[in-house]
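Let's walk through this structure together, starting with the nucleic acid and then turning to the protein. Keep the view open beside you as you read.

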There are 2 protein chains.
Amino acid sequence: MQIGVIEVPTRRALLVQRIEDQILTGKLRVGDSLPSERQLQEETHISKTVIHAALAELEQKGFLEITPRRGAVVANYVETGTMEALAARIRLNGGSMTREQTRSFLEARVAIEGAAFRRLAERHTEEDLAYLEAILAGADALLAREPLDARALAEALFRFHRGICLRSGNEFFPLLLNEFRPIILEFWQRSIAVFGAASNVHLAKRCLELIRAGDAEGAFRRLERSVNEYLGSLD
Amino acid sequence: MQIGVIEVPTRRALLVQRIEDQILTGKLRVGDSLPSERQLQEETHISKTVIHAALAELEQKGFLEITPRRGAVVANYVETGTMEALAARIRLNGGSMTREQTRSFLEARVAIEGAAFRRLAERHTEEDLAYLEAILAGADALLAREPLDARALAEALFRFHRGICLRSGNEFFPLLLNEFRPIILEFWQRSIAVFGAASNVHLAKRCLELIRAGDAEGAFRRLERSVNEYLGSLD
DNA sequence: CTGTTTTTACTGGTCGGCCCAGCTTTTGCG
DNA sequence: CGCAAAAGCTGGGCCGACCAGTAAAAACAG
């Protein structure tokens, strides 16, 4: 048996997580007031500096709404939340989404990646293709190794799809995929578990071929089909 | 003559901005190490606590990668960056995007909002429409008042479009729009300046009508057309 | 001179306290 | 009783010291 590295989390990170959990599990509801910073300081034995930093972080993530000299209330994360807020909620549910969330997520992914596919199919250089091929070569290397590192392969698939966005020439697409990152990684890990590692890598290669051939619609349909297959596998 | 309020920027905000600029202008390159917190303290005459907070903020934005007891290095913000990193880059260019950035941005917006339009046109309740109408009524009220508060109207238009995403039933769309928020606000303010306030509100109303009529494609084309007009106005 | 242990200098993380400005509640005077 | 002054909160910003680790330098043994 092997004991890996033990990462010591910072107090700030622990406090952020604690409050996130309270919000996401419904113990703290939208509109509820948080205790004052000084009160939290007493409860947690953490200094006001760190408390303040943690609350500021939660505000930026969209979980809280802080008004100077009035206090912090739990925000409606749908109104103000970022992708991070959603990722946190998914993390809490044991890393799994409801079926409806999954459908929403895939719909959004198809909207973004579909646009990237189209652009790249229409206009790409040899360098673009070489870049994407290099990523897939890395995935192949992972495939050959035993035991399979599903996490690493999921990362590679993520990099491939972000690579498509990156090379599409649209500055926003890769950033959007970065926002999705934690969710997409969960997705690929599940996809690897359900459809197998080789199948997923093969699908990526097929998409690249279609892009190379300039078949924008074909690439888009291939993407759509795999998404539907994934959704079907949930039943 | 009238002298308005004088906002005193905080040291922390100034430091954040300074470092952001250094990164975005290339004086600090990806992979470069930052001076230690203590070194920065000496250079800037700002306390280490504030330095620490500023660096933490830059990390959350995706500009830095901080490892405890090892230091901070400039992160590849294309890899890890969020929409905020891009917003910062735009802010640096005097709040305006290049033509290519604008095109990218609108392409992404059409991809996301287009999907939301389609969903909402196909499936909406009376409550959804009432919700959106209420937002437009607020925009009308702003329109009647003199002088025009362009910022507030831009906010209203943002809320309307986010409302469409919200009511589309896709949990991700509104979150994506939230990520775009700072950029979208710049967009609407410019659009108001170029096409006039009334015209923008009228367009929103027209979109709502098409959604009500269930004309998904019509609504989508209307959106696409206005985007193209905006792009055309840049020449 | 080499390989190993110990020391030291340096890192980010945390602490508690200071003052500030503004909102809320209590107090106290006319 | 009415109303204004005061006291007591809030978060925001900042400071200098201390903590627990790391990595390089110094000391040491062979």
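A residue counts as near a strand if one of its heavy atoms lies within 4 Å of it. By that rule, 24 residues surround DNA strand C, and the closest are Arg11(A), Thr49(A), Arg70(A), Arg38(B) and His52(B). Of the atoms of strand C that come within 4 Å of the protein, sugar and phosphate account for 63%. Please keep in mind that this is a predicted model.

Which elements line DNA strand C? From chain A, helix 1 (11–24) and helix 3 each supply at least two residues of this surface, and from chain B so do helix 2 (37–44), helix 3, strand 1 (64–67) and strand 2 (71–74). Sorted by class, the surface near DNA strand C has five nonpolar, 10 polar and nine charged residues.

Zoom in on chain B here and you can find some individual contacts. The side chain of Ser36(B) places an N or O atom 2.9 Å from a phosphate oxygen of DNA strand C. At Glu37(B) it is a backbone N or O atom that lies 2.9 Å from a phosphate oxygen of this strand. Arg69(B) also uses a polar backbone atom, which is 2.9 Å from a sugar or linking oxygen of DNA strand C.

Now turn to the other strand. DNA strand D is surrounded by 21 residues, with Arg38(A), His52(A), Arg69(A), Thr49(B) and Arg70(B) the closest. Sugar or phosphate holds 68% of the strand D atoms within 4 Å of the protein, and the rest belong to bases. On the chain A side, helix 2 (37–44), helix 3 (48–61) and strand 1 (64–67) each give at least two residues to the surface near DNA strand D, as do helix 1 (11–24) and helix 3 of chain B. Helix 3 of chain A gives the most, with three residues. The class count for this surface is four nonpolar, eight polar and nine charged residues.

Both protein chains reach the phosphates of DNA strand D. A polar side-chain atom of Ser36(A) lies 3.0 Å from a phosphate oxygen. From chain B, a polar backbone atom of Arg11(B) is 2.8 Å from a phosphate oxygen of DNA strand D, and a polar backbone atom of Ser47(B) is also 2.8 Å from a phosphate oxygen of that strand.

Next, look at where the two protein chains meet. Here 41 residues of chain B are in contact with 40 residues of chain A. The area buried between them is about 3,400 Å², with carbon and sulfur atoms giving 55%. Gln60(B), Phe172(B) and Leu175(B) supply 21% of the area that chain B buries against chain A, more than any other three residues.

What polar links cross this interface? There are eight residue pairs in polar contact and two salt bridges. Among the salt bridges is that of Glu107(B) with Arg119(A), at 3.7 Å from N to O. Helix 6 of chain B gives the most to the side of chain B that touches chain A, with 11 residues. By class, that side has 20 nonpolar, 10 polar and 11 charged residues.

Finally, step back to chain A as a whole. The domain assignment gives domain 1 (11–85) and domain 2 (97–233), and 35 Å separate their centres, taken over C-alpha atoms.

Conventions
Residues numbered from 1 in each chain as written. Chains lettered and ligands numbered in written order. Predicted model: local features only at pLDDT ≥ 70, side-chain atom pairs only at ≥ 80, totals over all residues. Heavy atoms only, no water. Contact = heavy atoms within 4.5 Å. Buried area = accessible area lost by both parts, 1.4 Å probe. Salt bridge = Lys/Arg side-chain N within 4 Å of Asp/Glu carboxyl O. Polar contact = N/O pair within 3.5 Å; in protein donor to acceptor, adjacent residues only side chain to side chain. Helix = DSSP H or I, 4+ residues; strand = E, 2+ residues; numbered from the N terminus. Nonpolar A, V, L, I, M, F, W, Y, C, P; charged D, E, K, R; others polar. Domains from an automatic or database assignment.
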